[in-house]
Every structure is written in structure tokens, then in C-alpha cells.
Amino acid sequence: MTQESLPEDVGRQITDMQQRILGAPLEYTREQVATDAAVPLEAARVLWRSMGYADVGEAVAFTGRDKEALHRMLHMIEVGHLDPDTANDLTRALGQTTARLADWQVNALACHLEREGLIDPVDGLAPATLDTFVDELEKLTPDLEALLVYVWRRALATTVTRAAVTGSGSTDGEAGVLTVGFADMVGYTRLSRRLPEDELARLVQRFEAVSADIVAAGGGRLVKTVGDEVLFVATAADEAAEIALRLHETHAEDDSVPEMRVGLATGQVLSRMGDVFGTTVNLASRLTAMAKPGGSLVDSETRLQLVEDERFALRGQRGRPVRGFGVLRAFVLTRAPMDD
């Protein structure tokens, strides 16, 4: 259902909500925004699509801030700070990242308001509760906005430092030697058929939150989470190994979380738009599928970097044929026995 197909009173309520959140009135069409910036309409549409927004046609859906944003992007291109392709890449990164962030924050705030009794769980974010939700959101927006900029600057500093330390970087993306780790929950598909949707959602949220904390504390970078699976990277194999073992140990303390399998592989990795690609990533995924429940497997390169580390024990397995990798020999990673 589109906004135009809603009852008139509901449509007005949603328009008011949008203007309150955007902090400015909706008063321009896309043609008017493009004309104001003196650019072809298609240029404005490309920017809009790069942000991940739907085509709004001739609707009055833009504010003065949309004009400012378009002027700012065009200025960066005109003065030579960016070329058009890079501008679109950066805009797309902002759009994709903030879309997930906004979805996450809206869900979290809605759940909080339900627990506080301000929103009826049956209604959710229906028109009857929309004004209450936006009232509470407006109270938080200044602090959330400031925190967003703060966390973004911290992330920039961390990413640039990592690139400088590893000596990586190229015109096609950050390329260098990393240890890639996959971790997934055993039997998730079967579990998803058995658990009610709300319980499954809470399980996944706990799994993602705890895993993200462990990866960050261990010096790694969380690349992405997809339901039952976590993908992370580390600049050193021992960091990745410690993360893998802590994932097992920490999740084992929660009886509601199934056992995990982890695979680690070390080698050349291409980082692009926040994701990672290459043979090393594929190898880590294969090792995860080969691991037994509750176990971790590493490839030969990771073993070479860990073999002298007294914190870890490595046990070789018989080689197994793996599509795309020939006969693959993996090594079981565990903690070294404690001396008495």
C-alpha cells in the first residue's frame, strides 16, 4: 500500500510525521529540487536512488534540506574533491548503512515504548500510536544525531589506522592479508521452524549482539551478520583464533543458543563497500561447513601462524575433497591444556 492510497486523514498524519522527523516542510517536487541545483533531473534521481529511496514521481516529497544536500554533493564534485562515480559510491554507502541503522533503531525504540506501556503491542506503529512514537523520537533525535557523528568519526579513525598498520589499500578497495572467520549456529533452520517468531527474533538479536561484542573486544572487525551467521576479519591470526574460541565459550553459557561451528582462513582479502571478497573468504565458509558442532577449523596458513603460540592446540585432520579447493586439509583449533 502506498501513501497515496491511504485514507486522507491517515495520509495527512504520515506527512506530518515525515516533516517532524525531517525537520522541515515537504514543499518541493524532484523537478524543483533539480532545477534549483541547475542539474538534469536524472542526476538528482541517481543521487536519490543511490541513497536507496523509491521513485516518488511528481509528489511533493522534498524539503529545503534535500536541496542543500544536492548542492553539497555537487560542490564536492565541482571543486574536484570527488568524481561522480566516487560521489555515488559514498552516497550509496550512506544510504545502505543508515537504512539498516534506522530500521534497527525504530524497532528498538518501539519495543522500549511497548515495555513502558506507551504503545500497545497489538497496534505497533499503527496510525493510533504514531504520534506517541514520534513524540518520543523527537526527544531522542538530538542525542542520537550527535552519537551518530561521534561513532562514525571513531569508525573512520579505526579503519584508516587499520589500513596504515597493515600497509593495505588500492584504487579498487582495501586489499591485504587478513584472517577471515565465519561462525554459524548449528541447526538454525530446524530451530526457526519450531520457535515462535518473537522468540526466534530475540535469539538472533542475542546471538548478533554477543558476537559483535566478542569480535570488537578481540580486536577484529565485524563485517556482517545474517541471521544465524557472523562474518568477521582480523589483522592477526591469533586475534581471530581467540575470537573464535571466545564465541564458543560465551555462547555456551546461554542454553537458548545452539552450538556453533567456526572456520578461519588466512590470505589475501579484498575489502569493498564494507564487505570482503576473495578465495580466502570462500575458504573460511567451506571450513565452517566442515566443522563439527562446537568446533573450529582453520586452514594451513592460519595453522602456520598459530603453531608456535602456546595458547592454542592444533590437530590435523585427514584431507577431504572440497569443491573449488581440491583436497583440503583442515586443522582443529582448541585451547592448549592448562599446566597443572
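Thr-288 is buried, at just 2% relative accessible area. This is a predicted model, and Thr-288 is a handy place to step into it. Thr-288 belongs to helix H10, which covers residues 279-290. Once residues up to four places away in sequence are set aside, Thr-288 touches Phe-182, Asp-184, Arg-261, Val-262 and Gly-263. With Gly-263 there is also a polar pairing: a polar atom of the Thr-288 side chain sits 3.1 Å from the backbone nitrogen of Gly-263.

**The whole chain**

Stepping back, the protein chain is built from 11 helices and 10 strands. Its C-alpha trace spans about 70 × 50 × 35 Å along the principal axes. Of the 340 residues in the chain, 35% are buried. If you take the contacts with a separation of 6 or more, 64% of them link residues 24 or more positions apart.

**Two nonpolar cores**

The largest nonpolar core has 30 residues, and the ones touching the most other members are Phe-232, Leu-247, Leu-264 and Leu-333. Two or more residues apiece come from strands E1 (174-185), E3 (229-234), E4 (260-272) and E10 (331-335), and from helices H7 (188-194), H8 (197-217) and H9 (237-252). H9 supplies the largest share, 7 residues. There is also a second, separate core of 20 residues, with Val-180, Val-281, Leu-297 and Val-322 among its members.

What does Leu-333 touch, leaving aside its neighbours within four places in sequence? Its partners are Ala-241, Ala-244, Leu-245, Leu-264, Ser-296, Val-298, Leu-306, Phe-312, Ala-313 and Leu-314.

H9 itself has 16 residues, and its first and last C-alpha atoms are 23 Å apart, close to the expected 22 Å. Its buried residues include plenty of familiar names from the contacts above, such as Ala-241, Ala-244, Leu-245 and Leu-247. Glu-242, His-248 and His-251 are also among the buried residues of H9.

His-248 leads us to Ser-296, as the two side chains make a polar contact at 2.8 Å. Ser-296 is found in strand E6 (residues 296-298) and is buried, with a relative accessible area of 3%. Beyond four places in sequence, Ser-296 is in contact with Ala-244, His-248, Val-262, Phe-331, Val-332 and Leu-333.

**Helix H5 and its partner H3**

Now for H5, residues 84-115. Its 32 residues should span 46 Å at 1.5 Å a residue, and since its end C-alpha atoms are 46 Å apart, the two agree. At the start of H5, a side-chain oxygen of Asp-83 comes within 3.1 Å of the backbone nitrogen of Asp-85. Just after the helix, Gly-117 has a positive phi of about 80°. The buried residues of H5 are Ala-87, Thr-91, Gly-95, Leu-109, Ala-110 and Leu-113.

H5 packs against H3 (residues 41-50) at an angle of about 40°, and the axes are 8 Å apart. On the H3 side the contact uses Val-46, Leu-47 and Ser-50, while Asn-88, Thr-91 and Arg-92 come from H5. Sorted by class, that makes 2 nonpolar, 3 polar and 1 charged residues.

In the loop between helix H2 (30-37) and H3 you'll find Ala-38. Its phi is near 60°, a positive value in a residue other than glycine. Ala-38 counts as exposed because its relative accessibility is 69%.

**Glu-136 in helix H6**

Glu-136 lies in helix H6, which runs over residues 127-166. How does Glu-136 link up with other parts of the chain, leaving aside neighbours within four places in sequence? It is in contact with Leu-113 and Leu-118, and Leu-113 is one of the buried residues of H5. From Glu-136 to Phe-277 is 141 residues in sequence and 41 Å in space, C-alpha to C-alpha.

Is Glu-136 buried or partly exposed? It counts as partly exposed, because its relative accessibility is 22% and buried means under 20%.

Here are the four residues with a stated accessibility, side by side.

| Residue | Relative accessibility | Class |
|---|---|---|
| Thr-288 | 2% | buried |
| Ser-296 | 3% | buried |
| Glu-136 | 22% | partly exposed |
| Ala-38 | 69% | exposed |

Terms used. Residues are numbered from 1 along each chain as its sequence is written. Side-chain values use heavy atoms; hydrogens and water are left out. Axes are lines fitted to C-alpha atoms, for helices over the stretch in contact, and angles run from 0 to 180 degrees between N-to-C directions. Helices (H or I, at least four residues) and strands (E, at least two) are DSSP runs, numbered from the N terminus. Contact means heavy atoms within 4.5 Å. Ala, Val, Leu, Ile, Met, Phe, Trp, Tyr, Cys and Pro count as nonpolar, Asp, Glu, Lys and Arg as charged, and the others, Gly among them, as polar. A nonpolar core is a set of buried Ala, Val, Leu, Ile, Met, Phe, Trp, Tyr and Cys residues joined through side-chain atoms within 4.5 Å. Buried means under 20% relative accessible area, exposed over 50%, partly exposed in between (1.4 Å probe, protein chains only). The expected span of a helix is 1.5 Å times one less than its number of residues. A polar contact is a pair of N or O atoms within 3.5 Å; within protein, one must be able to donate a hydrogen and the other to accept it, and residues adjacent in sequence count only if both atoms are side-chain atoms.
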